[in-house]
Amino acid sequence: MTLNTHPALPEFEYIRPATLAEASDFLSHHSGTARPFLGGTDVFVRMRDGFITPEFLVDVKNLDGTNELRFDPQAGLTIGAAVNMNRIIASADVQTQYPLLAEACLSVASYQLRTRATIVGNICNASPAGDTIGACLVFGGVLHIHGVKGLRQEPLSTFFLGPGQTTLKPGDIVTAIHFPIPPEGCAGKYVKLGRNQLSDLSIVGVTALGHKDSTCSSGYRFHLALASVAPVPLMPIEVETYLANNPITLDAIHEAARLAFEACSPIDDVRGSARYRKQMVRNLSAKALTEVWKNLG
Ligand SMILES: Cc1cc2nc3c(=O)[nH]c(=O)nc-3n(C[C@H](O)[C@H](O)[C@H](O)COP(=O)(O)OP(=O)(O)OC[C@H]3O[C@@H](n4cnc5c(N)ncnc54)[C@H](O)[C@@H]3O)c2cc1C
């Protein structure tokens, strides 16, 4: 096998539709040969490396509402598909109401990459390693999708079907992600383990969000999301149930971390072995949950 040390981008046709309807129409009529793109930080790399060879790239930035970043104290936060990660990190509303989202974005590569990369692109790429997906899951994100039949909404929790596989159909374009108002006094933490501090995908990523909840017998509700340890981003419900029903102590947190260890099914790859990943899920889940619990006071 010869190694191509100077891979080039294959030729493609750039399509810039004027409306969402036009974009969905084009994509549905060129299913298999056209795909939408935002920052292009996944698409262009995969094209250069020969994994995908679309004839048409449909630029869905600048279409109705996709550049919007809006917080409403009653309705919550809407992040348009084309809003890049640096804009999210810099948003005062995100910093005060959803700081975990900013923390997750900050863990992605470098400042330069984040001027292009978007949360919606991270989600639609559907890599189990996507660093921002966990925060979007624990905040109860809902996708706004424009398809050939118009607009619909879909919870992020049911969106992923496998690595690179989602429920999107030909012609579908995610236009935004919406988050409800976060639980009062909640605290969150993202712990990312990579091979280096900068610009590496996660070997394991653990997102935790917790808040007081008088409807739980423990008085607290925790949500945990795990990256890079299953075919899809994973929310082990066992952890949430256990911590809702048992008094929160350090022992209880370690038992919850063990449940996370049991729930995941990682693979061996260039970034780490399955065995190492499982151990790290236990250690980092304990770390993230402990920090969140401490911050809840
Ligand atoms: C050097 C480098 C470092 C990286 N480091 C990290 C990292 O640390 N953590 C991490 O999680 N990722 C990392 N990535 C991957 C990538 O940057 C992220 O996944 C990014 O969030 C993708 O966003 P984008 O806007 O560039 O997506 P794009 O590349 O534009 O699109 C991504 C995918 O989503 C589809 N898509 C795009 N827009 C839509 C839409 N509106 N509706 C439906 N489908 C759509 C595209 O067809 C494509 O399949 C890195 C990439 C590079 C090149």
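This passage describes the ligand site, a helix and several individual residues of a predicted model.

The surroundings of the ligand are considered first. A shell of 33 residues encloses the ligand, and the closest of them are Pro36, Thr41, Asp42, Thr118 and Asp131. Three of these residues place polar atoms beside oxygen atoms of the ligand. For proline 36, a polar backbone atom is 2.7 Å from a ligand oxygen. Threonine 41 contributes a polar side-chain atom, which lies 2.6 Å from an oxygen atom of the ligand. In aspartate 42, an N or O atom of the side chain is 2.5 Å from an oxygen atom of the ligand. Taken alone, the ligand exposes 1000 Å², of which the protein buries 89%. Two or more residues of the shell come from each of strand S2 (34-37), helix H2 (43-48), helix H7 (119-125) and strand S10 (173-179). Helix H7 provides the largest share, with 4 residues. Sorted by class, the shell consists of 17 nonpolar, 10 polar and 6 charged residues.

Attention then turns to helix H11, which comprises 22 residues, 274-295. The distance from its first C-alpha to its last is 31 Å, close to the 32 Å expected at 1.5 Å a residue. Buried residues of H11 are Ala274, Arg277, Met280, Val281, Leu284, Ser285, Ala286, Ala288, Leu289, Thr290 and Val292. In an α-helix there are 3.6 residues a turn, so residues three or four places apart point the same way. The cover over the buried residues of H11 includes three strands, S11 (187-193), S12 (204-212) and S13 (220-227), together with helices H9 (237-245) and H10 (250-263).

Tryptophan 293 is also located in helix H11. This residue counts as partly exposed because its relative accessibility is 23%, and the buried class requires a value under 20%. Beyond its neighbours within four places in sequence, tryptophan 293 is in contact with Tyr220, Phe222, Ile248, Thr249, Leu250 and Ile253. Tryptophan 293 and histidine 211 are separated by 82 residues in sequence, yet their C-alpha atoms are 8.5 Å apart in space. After H11 comes glycine 297, which has a positive phi near 75°.

Backbone angles were also examined in residues other than glycine. Most such residues have a negative phi. Asparagine 62, which is not a glycine, nevertheless has a positive phi of about 70°. Its place is in the loop between strand S3 (56-59) and strand S4 (69-72), and asparagine 62 is partly exposed, with a relative accessibility of 48%. Alanine 126 likewise shows a positive phi, near 55°. This alanine occupies the loop between H7 and helix H8 (133-138). With a relative accessible area of 1%, alanine 126 is buried.

Alanine 126 also appears among the contacts of threonine 166, a residue of strand S9 (residues 165-166). Leaving aside neighbours within four places in sequence, threonine 166 touches Cys124, Phe159 and Leu161 as well as Ala126. Threonine 166 counts as buried because its relative accessibility is 16%, below the limit of 20%. A polar atom of its side chain lies 3.1 Å from the backbone nitrogen of leucine 168.

Definitions and conventions. Residues are numbered from 1 along each chain as its sequence is written. This is a predicted model: local features need pLDDT of at least 70, side-chain atom pairs count only at pLDDT 80 or more; totals for chains, interfaces and linings use all residues. Side-chain values use heavy atoms; hydrogens and water are left out. A residue is near a molecule or strand if one of its heavy atoms lies within 4 Å of it. A polar contact is a pair of N or O atoms within 3.5 Å; within protein, one must be able to donate a hydrogen and the other to accept it, and residues adjacent in sequence count only if both atoms are side-chain atoms. Accessible areas come from the Shrake-Rupley method with a 1.4 Å probe; for residues, only the protein chains shown count as cover. Ala, Val, Leu, Ile, Met, Phe, Trp, Tyr, Cys and Pro count as nonpolar, Asp, Glu, Lys and Arg as charged, and the others, Gly among them, as polar. The expected span of a helix is 1.5 Å times one less than its number of residues. Buried means under 20% relative accessible area, exposed over 50%, partly exposed in between (1.4 Å probe, protein chains only). Contact means heavy atoms within 4.5 Å.
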